[in-house]
Amino acid sequence: MESKNIATNRQATFDYFILERIEAGIVLDGGEVKSLRNGSVNFKESFCVTYGGELYIKNMHIAVYDKAGAFNVRESRRDRKLLLHKKEIIRLKSEIEKKGLTLVPLRLYFNKALIKMEIGLCKGKHTYDKKRSIMEKDVIREKEREIKNYQ
């Protein structure tokens, strides 16, 4: 599978337990695609919601492409539709309502000529979980340092 990363949401793995990863298409304008090719995207504080049986991503910032014409969208944080099968959307909506989970964008990438988004069905971490994950990373980093210095 030929895929090139555009952006990843590293903060999501720190703030959430990722239970499931789902690949979805995204509806974009031409100027937004060119802006994504330049890497001008920010996932900070973005999340997914369902309206009327459709899935949307809110608050994702894609910079306005400066060389685009007058008919291009000039709003960088508009709601963008995600493309999934209806059964998948219904299943995700029911899991979100029952279990109190959330949908968070994890990464944006090119899959051949198409732009795809990987979203995660996530459960929020408590502060003690975040502290534990920081401690685990520190322990791993310290072990790697010792191995490097030993050789």
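These legends go with a set of views of one predicted model, starting with the whole chain and then moving to single spots.

**View 1. The whole chain, with four helices and nine strands.**
Reading from the N terminus, the order of elements is β-α-β-α-β-β-β-β-β-α-β-β-α. Along the principal axes, the C-alpha atoms take up a box of roughly 60 × 40 × 30 Å. There are 151 residues in the chain, and 35% of them count as buried. Take the contacts between residues at least 6 apart in sequence: 67% of these link residues at least 24 apart.

**View 2. The surface of the chain and its charges.**
The accessible surface adds up to about 10,100 Å², and carbon and sulfur atoms account for 51% of that. How far apart are the mean positions of the positive and negative charges? With 32 positive and 21 negative charges in the chain, the two mean positions are 1 Å apart.

**View 3. Leu103, a buried residue in strand 8.**
Here we zoom in on Leu103, which has its place in strand 8. Leu103 counts as buried because its relative accessibility is 1%, and the cut-off for buried is under 20%. Which residues does Leu103 touch, once its neighbours within four places in sequence are set aside? The contacts are Phe47, Cys48, Leu55, Leu92, Ile96, Ile119, Gly120 and Leu121. Arg37 gives a sense of distance: Leu103 and Arg37 are 66 residues apart in sequence, and their C-alpha atoms are 25 Å apart in space.

**View 4. Lys4, an exposed residue in strand 1.**
Back at strand 1 (residues 3–8), we pick out Lys4. With a relative accessible area of 53%, Lys4 is exposed, since exposed means over 50%. Leaving out neighbours within four places in sequence, Lys4 is in contact with Tyr109 and Phe110. Lys4 and Gly31 are 27 residues apart along the sequence and 19 Å apart from C-alpha to C-alpha.

**View 5. Two charged side chains, each over an aromatic ring.**
Tyr109, one of the contacts of Lys4, shows up again here with Arg107. The charged end of Arg107 sits over the Tyr109 ring, 4.0 Å from the ring centre. In the other pair, Lys125 lies over the face of Phe17, and the distance to the ring centre is 5.2 Å.

**View 6. Tyr51 and Tyr56, an aromatic pair.**
How many aromatic pairs does the chain have? The count comes to one. Tyr51 and Tyr56 form a tilted pair, 5.5 Å from centre to centre with 45° between the planes. As for how covered the two partners are, Tyr51 is partly exposed at 39% relative accessibility, while Tyr56 counts as buried at 19%. Tyr56 lands on the buried side because the cut-off is under 20%.

**View 7. Asn59 and Lys112, two loop residues with positive phi.**
Neither residue is a glycine, yet phi is about 70° at Asn59 and about 60° at Lys112. Asn59 is in the loop that joins strand 5 (54–58) to strand 6 (61–62). Lys112 belongs to the loop between strand 8 (102–111) and strand 9 (114–124). Are these residues buried or exposed? Asn59 counts as partly exposed, with 27% relative accessibility, whereas Lys112 is exposed at 65%.

**View 8. Asp129 and Ile134 in helix 4.**
Helix 4 covers residues 127–150 and holds Ile134; Asp129 lies in helix 4 too. What does the surface calculation say about Asp129, buried or exposed? Asp129 counts as buried, with a relative accessibility of 11%. Ile134, in contrast, is partly exposed, with a relative accessible area of 40%. Each of them can be set against a residue far off in sequence. The C-alpha atoms of Ile134 and Phe14 are separated by 8.8 Å, with the two positions 120 residues apart along the chain. For Asp129 and Gly25, 104 residues apart along the chain, the C-alpha separation is 32 Å.

Technical notes. Residues numbered from 1 in each chain as written. Predicted model: local features only at pLDDT ≥ 70, side-chain atom pairs only at ≥ 80, totals over all residues. Heavy atoms only, no water. Helix = DSSP H or I, 4+ residues; strand = E, 2+ residues; numbered from the N terminus. Buried < 20%, exposed > 50% of the residue type's maximum accessible area, 1.4 Å probe, protein only. Contact = heavy atoms within 4.5 Å. Areas by Shrake-Rupley, 256 points an atom, 1.4 Å probe, with all protein chains shown as cover. Lys, Arg positive; Asp, Glu negative; His and termini not counted. Charge placed at Lys NZ, Arg CZ, Asp CG, Glu CD. Phe/Tyr/Trp six-rings, centres within 6.5 Å; stacked < 30°, edge-to-face > 60°. Lys NZ or Arg CZ within 6 Å of the ring centre and 35° of its normal.
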